[in-house]
Amino acid sequence: MWGLRTIRRSGPLVLALAILLAAAACSTFTNLDKFGGQKLTWGPCAAFTIAESDKERFADPALDCAYLQVPLDYSHTDGQAGQIAVLRRKATGPGTRIGSLLVNPGGPGASGIEFAAMLVTRLGDGPIAQRFDLVGFDPRGVGASKPRIQCYTGAEHDAVRLDVVVGTSPAAVARLEDRAKDFARKCSERSGGDAVLANMGTRDAAKDMDILRAALGDTKLTYLGYSYGTGLGTAYAEEYPQNVRALVLDGAVDPNQNAIDASINRASAIQHAFDAFAAWCAIQGDCPLGPDPAKATEAYHQLTWPIIDHPVTLRDGRKLSYTDTVLGTYAALYNPVAWGFLKRALGELVHGRGEPLMVLADIMQGRQSDGGYNGLMDIAYAIACLDSDPIKDPAQALELDKRVRAAAPVLDDGRGPNPARDNCAFWPVPGTRPPHVPRISGLPQVMVISTTGDPATPFQQGVNLAKDLGARLLTVEGTQHGAALEGNACVDDIVTRYLVDLVLPPEGARCAAQPK
């Protein structure tokens, strides 16, 4: 089933972060020195706006935008070049400017320039805004950067979401694998060929970050990365430890996890988050999953399994599929602030109305109001397939599907596991960053944040990453994905003090969850 397989293999996605699409462009340079010595030409951000919803925010005169030139292939720096979209809000003062704070919201595939523009409002005129230029960037293949990754058209994405394939029959397996092959083929054809896909991974994006650091005039990098952004920060630390000033890695991805372990651990985290939601929902009263949290998964199945064969017709004529239902539910589990909306959405579903869940599913899939897609799911696979070890053995794929369903019964569609392999098994180019333990010499002590009930990057991943990097771990109690600069005073004070003054929290530091 597409929804389960998407959750299983595509990695964490950050809510409400659209990806801007722009036409591909290329240029040539003769050597890497010309990339490293470049000066950014800053101007208004209006031309970097793709999504209609971003126009007002990007019109802010306090924001500047520019393109950073990078080699598409670092082994052939005299060939095609790419352009990395960069957004900046200068330090507001007073106080001495420290430098730039680079931010990445994760995904993989979320727009860093959009995130930085939103973060400007969240930071206000606090110490971070006063002392740092806030800088967001769209990693290669993402958003307004060029060339872009594009696999499916909007109509094709809509069709796949509605065409739910379940069951164990050879025909079902063949349909899923044919779809995976078609997706991989179209990603190559529509993104500029295998040469483009081969250089879209985290390995190369981390190198782009160092060119950006130099172009910004910073001798050392100060960086805040969420979710997949922690993997990008880790890759940078491995490549350029001597250039690190401070790293905050929040919602950590463990680079030593193979695809099987990552999928099972993520499934367990999803079930844990669903159980926490169900317990909260029961306390509220009138919970659409009933008053007994122990029976919530069964109640969810009774509510959602019929949609496999009978999608819910919406008022605008669209149809809510089982895939949309599961992804919409998962989207709301990212943060307790969305639980009230999920409770209402499931209540609407009880009465045959699917509009609220479709809103959540559209956010998760990156569907825009005009029917187009922001490329989130496309680029997520393009990066993930380069950063993982694909499962090519059908027997292994079948065993994984069984274990995922056991770890997260809420994801089980009731039709049985199958050995269908996913997109990465048919990806046209080999991976560039296989699972490994980071081995870094000369890295200053940095900071990892991990939340005990994180539904996307389980808590233990942060523990593992902190150990491997020799980092200071901040544990946050709660059921949410990402905690830094989200309004939790305990977390935000610790993060601010570290970024501004390089003061790490004490060993064993913990912060309580935000009130729901």
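**From one strand pair to the sheet and its helices**

Leu102 sits opposite Tyr223 of strand 5. The model is predicted. Start from this pair and work outwards.

Helix 4, residues 112–123, packs on the sheet. Its contacts reach strand 1, strand 2 (81–89), strand 3, strand 4 (132–137) and strand 5. The direction of helix 4 makes about 145 degrees with that of strand 4. Helix 9 spans residues 202–215. It lies across strand 1, strand 2, strand 3, strand 4 and strand 5. Relative to strand 1, helix 9 runs at about 130 degrees.

Now the strands themselves. Strand 3 covers residues 99–104, and strand 5 covers residues 221–226. The two pair in the parallel sense, over four bridges. Strands of a sheet pair through backbone hydrogen bonds, either parallel or antiparallel. Here the sheet as a whole has mixed pairing. Nine strands form it, and it is open. Their order is 1-2-4-3-5-6-9-10-11. Strand 1 (63–71) and strand 11 (510–511) stand at the edges. Each has a single partner strand, so one side of each lacks a neighbour in the sheet.

Next, a pair of helices. Helix 11 comprises residues 259–284, and helix 12 comprises residues 296–304. Their axes come within 10 Å and cross at roughly 95 degrees. Angles of 65 to 115 degrees count as roughly perpendicular; helix 11 and helix 12 are therefore roughly perpendicular to each other. Helix 11 contributes Gln271, Phe274, Asp275 and Ala278 to the contact. Helix 12 supplies Ala296, Thr297 and Tyr300. By class, the residues of this contact are four nonpolar, two polar and one charged.

Notes. Residues numbered from 1 in each chain as written. Predicted model: local features only at pLDDT ≥ 70, side-chain atom pairs only at ≥ 80, totals over all residues. Heavy atoms only, no water. Pairing = 2+ DSSP bridges. Contact = heavy atoms within 4.5 Å. Axes fitted to C-alpha atoms, helices over the stretch in contact; angles between N-to-C directions. Parallel < 35°, antiparallel > 145°, perpendicular 65-115°, else oblique. Nonpolar A, V, L, I, M, F, W, Y, C, P; charged D, E, K, R; others polar.
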